[in-house]
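Hi everyone, thanks for making time today. I'd like to walk you through a structure that may be new to you, one region after another.

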Amino acid sequence: SASEELTLRGPRVVNRLFYRLMTGLLRRPILSWFQLTPVNAGVVPRTGAGLVLANHAALFDPIWLYVMLHRPVYFAATEDLFRQPLLARVIRWFGAFPKRKNATGDVGAMRSIFRLLKNGCLVGIYPEGMRTWDGTNGPIIPGIARLIRKLQVPVYTCRTEGSYLAQPRWASRYRRIPMRGVFSRLYAGDAIPADEARIVADIAAALHNPDYELSVEPALNRKKGLAVNVTRLLYRCPSCGTLEGLKIVLPHTTNRIECSSCFSAWVVNAESRLAETDENGQPEGEWVTLADMYARIREMPLVPIRPVTRL
């Protein structure tokens, strides 16, 4: 429809009133409440065209990046968000512009990026394409390297450390865990490598998510609800392989999940690690990262949902 085409068209200038509100009134409260510390943010200049690439672990990632820098950032966001009129208006104020699932194959998104960079803007891209479910980095979209070589503008990276632990994609609520946004300059505009494989490797190294290497305050492990919705990711029992066999143990203060088939049980902590528990609900095994547990489940052989009837 005509209204939908209008909603999905290219970028608009960031709303000045909204930007002043974000930077003047909300920057300090947001940084304080989320316990977010910018590191080396000054490496990104306050003027001039550039790309900033960031890891994507939490829903609030664009807001965090926005308040850590002292200039507007124009984000490529999935076009589905622009089909909701109220949300579309807000993210337009934010500087977002629509893209398809594969931004590097989207002519409209490419035109938007070129136009913004030509006007000296800073464009934000999440080169993994989507938020991580298990806390590990996703593969870098190969087309990003080709785009960087074509644009020939400075490239910066922002690795947000602790964001997955603070807000796992599967979790029901935010956890107040200290975070850092670490900025660096990946390439100067006149020093883009010709080797696209190297560019992809450099981006992956710069954005490597270290959350499973971090430690959190022990008191956070006593928070309730740490296991809620973890079964969205752990869709099979790691012990017996039963599909959708894991259930949350009530009350939520136990932070435990249990298999309804083999009755194996695990406790989940604030570091997104799991350990098997004894009959009293106390951890007795080694702590395993959620990513390793998820990998174990994916390696299990597929089983038919219904028994196969032999003729």
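**A short tour**

At 38% relative accessibility, Arg-180 counts as partly exposed. Please keep in mind as we go that this is a predicted model.

Let's stay with Arg-180 for a moment. Its side chain meets that of Glu-161 in a salt bridge, 3.1 Å from N to O. Arg-180 sits in strand E7, residues 179-187, and Glu-161 in strand E6, residues 155-161, so the pair ties together parts that are 19 residues apart in sequence. Is Glu-161 buried or exposed? With 11% relative accessibility, Glu-161 counts as buried. There is a third member here too: Arg-159, Glu-161 and Arg-180 are linked in a network of salt bridges.

How many salt bridges does a search of the whole structure find? The search finds five. As a reminder, side chains of opposite charge can pair when their charged atoms come close.

Another salt bridge joins Asp-202 and Arg-198, where the closest N and O atoms are 3.4 Å apart. These two residues are four apart in helix H8, so about one helical turn separates them. Asp-202 is partly exposed at 23% relative accessible area, and Arg-198 is partly exposed at 47%.

Then we have Glu-271 and Arg-273, a salt bridge with its closest N and O atoms 3.6 Å apart. Here Glu-271 is buried, with a relative accessible area of 16%, and Arg-273 is buried as well, at 18%.

Now for a charged residue without such a partner. Asp-134 lies in the loop between strand E5, residues 122-125, and helix H6, residues 143-151. Asp-134 is buried yet has no salt bridge. Which side chain of opposite charge is nearest to Asp-134? That is Arg-298, 4.4 Å away, and a salt bridge here needs the nitrogen and oxygen within 4 Å. What Asp-134 does have is polar contacts between side chains: one of 3.3 Å with Thr-132, and one of 2.7 Å with Thr-136.

Let's step back along the chain into strand E5 itself. Leu-122 and Gly-124 point one way from E5, Val-123 and Ile-125 point the other way, and all of them are buried. E5 has neighbours. It runs parallel to E2, with four bridges joining the two strands, and Leu-53 stands opposite Ile-125 in E5. Strand E3, residues 74-78, also pairs with E5 in the parallel sense, over two bridges. The bridge partner of Phe-75 in E5 is Gly-124.

Following E2 onward, we reach Asn-55, in the loop between strand E2, residues 50-54, and helix H3, residues 61-68. Asn-55 is buried, with a relative accessible area of 3%. Helix H3 is mostly covered, too: seven of its eight residues are buried, among them Trp-64, Leu-65 and Tyr-66.

For something nearer the surface, look at helix H2, residues 16-33, where Leu-21 is found. Leu-21 is partly exposed, with a relative accessible area of 38%. Together with Leu-25 and Leu-26, Leu-21 makes a nonpolar surface patch of about 260 Å².

Next, the other sheet I'd like to show you. It is an open sheet of five strands in the order E8-E9-E10-E11-E12, with antiparallel pairing. Which strands stand at its edges? Strand E8, 246-248, and strand E12, 288-289, do; each has a single partner strand, so one side of each is left without a neighbour in the sheet. Inside the order, strand E9, residues 256-259, pairs with strand E10, residues 265-268, in the antiparallel sense over three bridges. Ile-257 stands opposite Trp-266 in E10.

Last, a few backbone details. Most residues other than glycine have a negative phi, and most peptide bonds are trans. Against that background, the peptide bond from Leu-250 to Pro-251 is cis, with omega near 0°. Pro-251 is found in the loop between E8 and E9. Asn-40 has a positive phi, near 65°, and lies in the loop between strand E1, residues 36-39, and E2. Asn-229 also has a positive phi, about 75°. Its place is in the loop between helix H8, residues 196-206, and E8. Both are partly exposed: Asn-40 at 46% relative accessible area, and Asn-229 at 29%.

Notes: Residues numbered from 1 in each chain as written. Predicted model: local features only at pLDDT ≥ 70, side-chain atom pairs only at ≥ 80, totals over all residues. Heavy atoms only, no water. Pairing = 2+ DSSP bridges. Patch = residues over 30% accessible without salt bridge, like charges linked within 9 Å, V, L, I, M, F, W, Y side chains within 5 Å. Areas by Shrake-Rupley, 256 points an atom, 1.4 Å probe, with all protein chains shown as cover. Buried < 20%, exposed > 50% of the residue type's maximum accessible area, 1.4 Å probe, protein only. Lys, Arg positive; Asp, Glu negative; His and termini not counted. Polar contact = N/O pair within 3.5 Å; in protein donor to acceptor, adjacent residues only side chain to side chain.
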